[in-house]
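Reader: I have a protein model open in front of me, and I would like to learn how to read it step by step. Could we begin with the way its interior is put together?

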Amino acid sequence: MVYLDGWGRIFVIGPDTPKDEILKMTTPPKWGVYRSWKTRSGKRLRFEHLDQDPDDMKGVNKGYVVRKVNAYVGSEPLGYLKISYVPSNRVSECFPTVWHWVEAMKGWCFDIEDLADSWRKCHHYAMKVPKSLVNTGVRSNGLAGHEPDVETMQADMDALENHYVYSFGMTPRELFEEFVRDRVDYAFVDYIRVSEDWLRQGIGTALYNEGARWLAERFRLPLHGSGLQTPEAAAAWKKMGEDETMPTRIHKRRTDGREIPVLDYL
Ligand SMILES: CC(C)(COP(=O)(O)OP(=O)(O)OC[C@H]1O[C@@H](n2cnc3c(N)ncnc32)[C@H](O)[C@@H]1OP(=O)(O)O)[C@@H](O)C(=O)NCCC(=O)NCCS
């Protein structure tokens, strides 16, 4: 059945499309055809979608979610795709200040709830004398006995945000802003695996496409390939890139100029 929705978007529901999938299509993707996937031997694939993989919570404190698509034939699990990214709505929740981000991501060890501890240790890690103590002879590694008032420490921390830190190669604020610009809502393949007995049956391709379709429909994001691909994964993306029925394109990464393949069902 060809269906035209209120936004003029066209999609096709095939005879094999499961009923529950049709019902879920409240906001169908703009691009192309909603397809039902089969293995090369003709068995229909069924998918399960998890907003968060319960077995992979390690990135939660750093703002990351891990979306997961499981593939089955009947009740037999055949493989899975994990998609990871930092959703924009988690940024202010996890990183209300640049220092929350530094503490979570850069391995600096300090108590973010304790301003004096943050003040001492961040200046120490950055090898920077606090602005309020410049020209007093105090060194960044000799702050143990010092505890200025809250306003002074806050002003020092604000100045430190914009101070070039050698180990970062830029200021903490620039680094945080780069993270927001390049990583937030950048959904990428975290991992994919198809069971050995089911390789070369089209299941990997089906998982990538089903993951990208779901990601577009539910979270309004395209799916980027992994930056570190095994030869099999790279071969699967290459083949998808040559298939005109799949909406692939190339994203050039700003940071290192690398070309990353994208499946974009938006
Ligand atoms: C990568 C992986 C998920 C692919 O799954 P799959 O179900 O076998 O892939 P598909 O059947 O959809 O293959 C699609 C195309 O990719 C290419 N391809 C896949 N595996 C290949 C291989 N081992 N050698 C050469 N080409 C391969 C082929 O062009 C294939 O099409 P074809 O079978 O018609 O020739 C699977 O090999 C896997 O689980 N590997 C182990 C884990 C892994 O490497 N994960 C990737 C981390 S980035």
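Author: Let us start with a term: a nonpolar core is a set of buried Ala, Val, Leu, Ile, Met, Phe, Trp, Tyr and Cys residues joined through C-beta atoms within 7 Å. Please keep in mind throughout that this is a predicted model.

Reader: Which residues touch the most other members of the largest nonpolar core?

Author: The general idea is that in soluble globular proteins, nonpolar side chains tend to be buried together. Here the largest nonpolar core has 30 residues, and those that touch the most other members are Ala 71, Leu 81, Ile 203, Leu 207, Ala 212, Leu 215 and Leu 223. Two or more residues apiece come from strands E4 (65-73), E5 (76-85) and E6 (188-194) and from helices H7 (203-219) and H8 (231-242), and among these H7 gives the most, with eight residues. Take Ala 71 as an example: beyond its neighbours within four places in sequence, Ala 71 is in contact with Leu 45, Phe 47, Leu 78, Gly 79, Tyr 80, Ile 203, Ala 206 and Leu 207. Another core, of 13 residues, lies apart from the largest one, and its members include Val 102, Trp 119, Leu 160 and Val 165.

Reader: What residues come nearest to the ligand?

Author: Of the 19 residues around the ligand, the nearest are Gly 204, Thr 205, Thr 230, Glu 232 and Ala 235. E6, H7 and H8 each supply at least two residues of this shell, with H8 giving the most, five residues. By character, the shell divides into eight nonpolar, seven polar and four charged residues.

Reader: How should I read a helix, and which residues of H4 are buried?

Author: The general idea is that an α-helix has 3.6 residues a turn, so residues three or four places apart point the same way. Helix H4 (residues 115-126) has 12 residues and spans 16 Å from its first C-alpha to its last, close to the 16 Å expected at 1.5 Å a residue. In H4 the buried residues are Ser 118, Trp 119, Arg 120, Cys 122, His 123 and Ala 126, and they pack against helix H3 (98-105) and helix H5 (150-161). Just after H4, Met 127 takes a positive phi of about 55°.

Reader: Is Phe 176, in helix H6, buried or exposed?

Author: Phe 176 counts as buried because 23 other C-beta atoms lie within 10 Å, where the cut-off is 20 or more. Leaving aside neighbours within four places in sequence, Phe 176 is in contact with Val 98 and Trp 101. The C-alpha atoms of Phe 176 and Trp 99 are 9.1 Å apart, although 77 residues separate them along the chain. Just after H6, Asp 185 takes a positive phi of about 60°.

Reader: Where does pLDDT stay under 50?

Author: The general idea is that where pLDDT is low, the predicted coordinates should not be read in detail. The stretch in question is residues 26-33, for which the model has 21 contacts beyond four places in sequence. Over the protein chain, the mean pLDDT is 89, and 87% of the residues reach 70 or more.

Reader: How many helices and strands does the protein chain have?

Author: The chain comes to eight helices and nine strands, and 26% of its 266 residues count as buried. Among contacts with a separation of 6 or more, 52% join residues 24 or more positions apart.

Key
Residues are numbered from 1 along each chain as its sequence is written. This is a predicted model: local features need pLDDT of at least 70, side-chain atom pairs count only at pLDDT 80 or more; totals for chains, interfaces and linings use all residues. A residue is buried if 20 or more other C-beta atoms lie within 10 Å of its own, exposed if 12 or fewer, and partly exposed in between; C-beta atoms are placed from the backbone. Helices (H or I, at least four residues) and strands (E, at least two) are DSSP runs, numbered from the N terminus. Two residues are in contact if their C-beta atoms, placed from the backbone, lie within 7 Å. A residue is near a molecule or strand if its C-beta atom, placed from the backbone, lies within 6 Å of it. Ala, Val, Leu, Ile, Met, Phe, Trp, Tyr, Cys and Pro count as nonpolar, Asp, Glu, Lys and Arg as charged, and the others, Gly among them, as polar. pLDDT is the predictor's confidence in each residue, from 0 to 100. The expected span of a helix is 1.5 Å times one less than its number of residues.
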